[in-house]
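Subject: Structure handover

Hello,

I am passing a structure on to you, with the sequence alongside. Please have a look at both before reading the notes underneath.

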Amino acid sequence: MKDPRTAFRPNHSNGVRRTLIKRSLAAGALFFTLSSTSLPLWAAAGRTKRAAPRIVVLYFSATGTTKRAAETIARMTGAPIWRIEPEVPYPDKMRAVADKVKADEKAGICVRPKAPLPEALRNADIYIIGSPVWSGTMPAVLADFLRSEGFAGKRILPFTTHMGSNLGDIPEAMAAACPQAQVAPGLALRAPADDTIRPEVAFWLKQTDARP
Ligand SMILES: Cc1cc2nc3c(=O)[nH]c(=O)nc-3n(C[C@H](O)[C@H](O)[C@H](O)COP(=O)(O)O)c2cc1C
C-alpha cells in the first residue's frame, strides 16, 4: 500500500538528478574549453573589451595655429600633449617666420629640435602629430625630430594647419621619416583651427579608430 502522503507526488526525482548531472558535465566541459584557450574568460566568452589605445599628441607650431588645434585634440582625447621646439625659437609673426626660414636656407643653417621625446611619453600606441604646412611640406625641424625618434611599431596620425595646401605632402614625408611606423590618413585644418574643428576631429578619430 502506498503512503498516502506520496501517492499523488509525481516521481521525477531521478529525471531531475539526471538533468542536473548532464548540466554540470556540460558546464565543466565549457569551463575547460574556455580556460584552456589562455584568453581571459570574458574575452573567450565573446564579451571582448578592447583596451583603449594610449595616445600622445605632439606638435610643432611657430605662430600658434597648430598649437591651438593640438590643444583641442588633446582635450578631446584626454591625451598628454608635448610641443616639439627648435633650439632657437621662431618669431611669432608669420612674415617674420617666413623671412627667418628663407635666411636660414640661404645660410645653410639646419634648425634642430631642442629636446628628444621625454621618456614618460615613449610607451604610447598612437602619436597624433601636428604640423603647419611650410612650402608644401613639414618644417625641417619636425622632420629631423621624427627621423631621430623613428616611432617604430607605432601608429602616427598626422594633422596639419595650412592656408590652402591642405595636407601638402606631410603624411608621405612622415612615412619617409619613420619607415617603421604606420602612418594613418591625415587631417587638414584651416586657420584659425579653434574649437570649431571638433566635429571634423571627432570624425577623423573615428575613421582612424583612434578614439580613446
Ligand atoms: C615659412 C612658411 C611657409 C608656409 N607655406 C605654406 C604653404 O605652402 N601652404 C599653406 O597652405 N600655408 C603655408 N603657410 C601658412 C601656414 O601653414 C599656416 O599659417 C599654419 O597654420 C601656421 O601654423 P602655426 O601657427 O602653428 O605655425 C606657410 C607659413 C610659413 C611661415
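The notes below go from the overall layout to the ligand, the core, one helix pair and a few loop residues.

Please keep in mind that this is a predicted model.

Overall layout

The chain has 212 residues, and 28% of them count as buried. Its secondary structure consists of seven helices and six strands. Read from the N terminus, the order of elements is α-α-β-α-β-α-β-α-β-α-β-β-α. Of the contacts with a separation of 6 or more, 76% join residues that are 24 or more positions apart.

The ligand

The shell around the ligand is made of 22 residues, and the closest are Ser61, Thr63, Thr65, Thr66 and Pro132. Three elements give two or more residues to this shell: helix H3 (65-77), helix H4 (94-107) and strand S4 (155-162). H4 gives the most, with four residues. By class, the shell has ten nonpolar, eleven polar and one charged residues.

The core

The largest nonpolar core has 41 residues. Those touching the most other members are Val57, Tyr127, Ile128, Leu142, Ile156 and Met174. The elements that give two or more residues to this core include strand S1 (55-59), strand S3 (126-132), helix H5 (140-149) and helix H6 (170-177). H3 and S4 are also among them, and both give residues to the ligand shell as well. Strand S6 (187-190) and helix H7 (198-207) belong to the list too. Leu142 is in contact with Phe60, Ile84 and Ser131, leaving aside its neighbours within four places in sequence.

H6 and its partners

Which residues of H6 are buried? They are Ile170, Pro171, Ala173, Met174 and Ala177. These residues lie on the same side of H6, because they cover an arc of only 165° around the axis. They pack against S3, H5, S4 and strand S5 (182-183).

For the pairing of H5 with H6, the angle is about 35° and the axes are 8 Å apart. H5 brings Ala143, Leu146 and Arg147 to the contact, and H6 brings Ala173, Met174 and Ala177. By class, that contact has five nonpolar, no polar and one charged residues. Met174 thus appears in the H5-H6 contact and also among the core residues that touch the most other members.

Loop residues

Two residues that are not glycine have a positive phi. Phe151, in the loop between H5 and S4, has a phi near 50°. Asn166, in the loop between S4 and H6, has a phi of about 55°. Are these residues buried or exposed? Phe151 counts as buried because it has 22 C-beta neighbours inside 10 Å. Asn166 has 13 such neighbours inside 10 Å, so it counts as partly exposed.

Ala124 is in the loop between H4 and S3. With 19 C-beta neighbours inside 10 Å, Ala124 counts as partly exposed, as the cut-off for a buried residue is 20 or more. Its C-alpha atom is separated by 6.4 Å from that of Val56, although the two are 68 residues apart along the chain. Beyond its neighbours within four places in sequence, Ala124 is in contact with Arg54, Ile55, Val56 and Lys154.

Regards

Technical notes
Residues numbered from 1 in each chain as written. Predicted model: local features only at pLDDT ≥ 70, side-chain atom pairs only at ≥ 80, totals over all residues. Near = placed C-beta within 6 Å. Nonpolar A, V, L, I, M, F, W, Y, C, P; charged D, E, K, R; others polar. Core = buried A, V, L, I, M, F, W, Y, C linked by C-beta atoms within 7 Å. Buried ≥ 20, exposed ≤ 12 C-beta atoms within 10 Å, placed from the backbone. Contact = placed C-beta atoms within 7 Å. Arc of directions from axis to C-beta. Axes fitted to C-alpha atoms, helices over the stretch in contact; angles between N-to-C directions.
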